[in-house]
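Please look over the sequence and the structure shown below. The briefing that follows takes up a pair of helices, then the nonpolar cores, and finally a loop residue.

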Amino acid sequence: MTTTTPVRARRRWPVPPSLLLGLAPIVVFAAISAWRSRPSDDYATLGQTVDSVVHALVIPEGIAVVALALFVTALGWWRIATVDPVRTRLRWTMLAPILVLVVCVVRLPLIDWTALPAHYFLLLAVGVLFVGVFEELMARGTLLVGLRRRLPEMGVWALSCALFGLLHLLNALAGAGIGPTLVQVVFAASFGSTLYVARRLTGSLLAPVLLHAFWDFGSIGFSATADTGDFGKLTLLGLIGLFSFGVLAFGIVAGGIIAWYDDRPRRLAKRWRSVPPMAAFALEARGPFHEPAAAGAAVTSGADARERSRETG
């Protein structure tokens, strides 16, 4: 008598990738931001003082990081949301994040480090790090996991950059002007492409997180300490800004080519999908062509045998 051990039901964890779950954090964040924003808010003063850094960056972004971390942990997506198992082979695209890093470094001397106390810059570093972790885990993490469930990599790249840019439309609800907000949307979408390149090159979300935080630190730090009467610094900053737009345009090209290159196997599979396999040709050859030849050979061999029998008889 044989006994069978019952098979236990396998727990479905981590949760399989899902487009709806991938979009959920960005939708929830947009809804909460729209609910909290007021047209009377002074967006231009964001991060200008110690109090603003604490209440507008460190506390809310810290809460957002914890909430998103719990969400990712519940899904079991830490590995797929933060690591790309295959890095891109297009090493020349490394120039895009390197040039962004150069811009970040060049802007540091333009900050007046004596205009505000030292703990302001420390708190600012913590705040922008929270921003980098939250926005990258959301836009280049869970969102990529969800989009890759349904779209080819070209669509994943394009839609993730577009959604990241459109997310900054919420700044208009917080007191920012329509014109500057639209410029920021385009800027953020192109910057998102460079951050996508950084992830695909290193295979890790850490690189875009640090690059994002470094960029925000320079932007907020300069605006908080800028002297509007120093035309030399303002002119230099303007030139750096023009160079930055060129760098980010290159980031769009690099990100698009990486995604297009990744979709090459998919395109080839689609192109050759209607071509029958070689086995079909082999079967066809054995049927119409080989069988008659074999029959003819049998008839010929039979006739030869009868002829030989008559000759010997």
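Phe187, Phe191, Leu195, Ala198, Arg199 and Thr202 of helix 7 are in contact (heavy atoms within 4.5 Å) with Ala207, Pro208, Leu211, His212 and Trp215 of helix 8, where helices are DSSP runs of H or I with at least four residues, numbered from the N terminus. This is a predicted model, in which local features need pLDDT of at least 70 and side-chain atom pairs count only at pLDDT 80 or more, while totals for chains, interfaces and linings use all residues. Residues are numbered from 1 along each chain as its sequence is written, and side-chain values use heavy atoms, with hydrogens and water left out.

**Helix pair**
- The axes of helix 7 (residues 178–202) and helix 8 (residues 206–225), which are lines fitted to C-alpha atoms over the stretch in contact, come within 8 Å and cross at roughly 145°, on a scale from 0 to 180 degrees between N-to-C directions.

**Nonpolar cores**
- In the largest nonpolar core, a set of buried (under 20% relative accessible area, 1.4 Å probe, protein chains only) Ala, Val, Leu, Ile, Met, Phe, Trp, Tyr and Cys residues joined through side-chain atoms within 4.5 Å, there are 30 residues, of which Leu68, Trp77, Phe134, Leu137, Met138 and Tyr196 touch the most other members.
- Helix 5 supplies the largest share of this core, seven residues.
- Beyond its neighbours within four places in sequence, Leu137 has contacts that include Leu68, Val72, Trp78 and Leu205.

**Loop residue**
- Thr49 lies in the loop between helix 1 (19–36) and helix 2 (50–75), and its C-alpha is 9.8 Å from that of Pro117, although the two are 68 residues apart in sequence.

Key: Helices (H or I, at least four residues) and strands (E, at least two) are DSSP runs, numbered from the N terminus. Buried means under 20% relative accessible area, exposed over 50%, partly exposed in between (1.4 Å probe, protein chains only).
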